[in-house]
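Colleague: I'd like to go through the labels on this one and hear the reasoning behind each. Can you pull it up?

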Amino acid sequence: MQSTPTLDAGMLAGRQQAFAMIATKCTYAQAVCLKEIHDTHAYEEFGLSWNDFCPKHVGISRVHADSLIHRLDEFGEAYFRLAAIARISTDLFRQIADRVTAATIELDGEQIPLTPDNAQKIRAGIRRLQDEARRLNNHFRVPTRVTEFGIRLDDVLTSVTARARLGRALPNDEASALRSLIRHTINKWTELDEMLAPPDAA
């Protein structure tokens with residue numbers, strides 16, 4: 001059967017309505033379908049504007065539809081795969097985007113698959129990252145980029161501290177390497193502190 005613009009629009013709308021019914025588990029597919037309808041202007045075959053098409057044939061507001069498309073354009077599949085498992089704001093996702101792929105999220109140095117079996121562990125990790133970002137923002141009133149640095153730094157410190165706590169149980173070469181790393185880090189942070197010192201502090 002030959003495809004027509006009206007038939008294509010109807011098929012797209014039908015697929016979108018099906019996606020909307022399972023939006024909490026399949027928002028990536030929903031966003032992809034919405035973007036296709038929007039970018040091809042398939043909604044015009046109904047004689048409707050995008051503003052009217054969304055609530056009438058998709059069951060969501062234009063604002064919600066635009067938000068899903070924007071998140072798809074900005075973040076890609078990874079955001080939706082993570083959001084299907086754990087609630088996460090777009091601001092926090094921007095800060096941890098380099099940790100997340102469509103298949104995994106890095107938490108405490110571990111690559112955790114984005115699967116329902118790991119939902120509890122992932123949610124706990126997301127809560128920790130949210131708390132850390134909130135603590136840094138409240139304490140230092142820092143911009144988003146610096147908050148991201150703080151989260152990464154705390155991850156490194158947590159991992160190094162866990163090894164250092166082993167004390168004499170550590171192999172000699174690793175203990176020596178850790179001490180060298182600590183001295184090097186102290187020197188570098190001292191240099192950075194001096195770089196950022198206000199002029200009147202000299």
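Modeller: Sure. Let's start with glutamate 191 and lysine 188, whose side chains meet in a salt bridge, N to O 3.8 Å. Bear in mind that this is a predicted model.

Colleague: What makes the contact of glutamate 191 and lysine 188 a salt bridge?

Modeller: The cut-off is a Lys or Arg side-chain nitrogen within 4 Å of a carboxyl oxygen of Asp or Glu. The N to O value here is 3.8 Å, and it joins a lysine to a glutamate, so the pair qualifies.

Colleague: Where do glutamate 191 and lysine 188 lie?

Modeller: Both are in helix H9, residues 172-196, three residues apart, or about one turn of the helix.

Colleague: Why is glutamate 191 called partly exposed?

Modeller: Buried means under 20% relative accessible area and exposed means over 50%. Glutamate 191 has 39%, so it falls in between. Lysine 188, with 40%, is partly exposed too.

Colleague: What makes glutamate 77 and arginine 81 a salt bridge?

Modeller: Their side chains meet at 2.8 Å, N to O, and the limit is 4 Å, so they count. They sit four residues apart in helix H5, residues 77-83, and are therefore separated by about one helical turn. Glutamate 77 is partly exposed at 27% relative accessibility, and arginine 81 is partly exposed at 32%.

Colleague: Which residues are linked with Lys35 in a network of salt bridges?

Modeller: Asp39 and Asp73. The aspartate 39 to lysine 35 bridge is 2.9 Å, N to O. Those two are four residues apart in helix H2, so about one helical turn separates them. Aspartate 39 is partly exposed at 42%, as is lysine 35 at 24%.

Colleague: How many salt bridges does a search of the whole structure find?

Modeller: Ten.

Colleague: On to the helix pair: why are H2 and H3 called oblique to each other?

Modeller: The axes of H2 (residues 27-40) and H3 (residues 50-58) cross at roughly 140 degrees and come within 12 Å. Roughly antiparallel needs an angle over 145, and roughly perpendicular covers 65 to 115, so this crossing is oblique. H2 passes H3 in a right-handed crossing.

Colleague: Which residues of H2 and H3 meet?

Modeller: From H2, Leu34, Ile37 and His38; from H3, Trp50, Phe53 and Val58. That contact divides into five nonpolar residues, one polar and no charged.

Colleague: How do you know which residue is the polar one?

Modeller: Leu, Ile, Trp, Phe and Val are on the nonpolar list and His is not on the nonpolar or the charged one, so His38 is the polar residue.

How values were computed. Residues numbered from 1 in each chain as written. Predicted model: local features only at pLDDT ≥ 70, side-chain atom pairs only at ≥ 80, totals over all residues. Heavy atoms only, no water. Axes fitted to C-alpha atoms, helices over the stretch in contact; angles between N-to-C directions. Parallel < 35°, antiparallel > 145°, perpendicular 65-115°, else oblique. Left-handed = near helix turned anticlockwise from the far one by under 90°. Contact = heavy atoms within 4.5 Å. Buried < 20%, exposed > 50% of the residue type's maximum accessible area, 1.4 Å probe, protein only.
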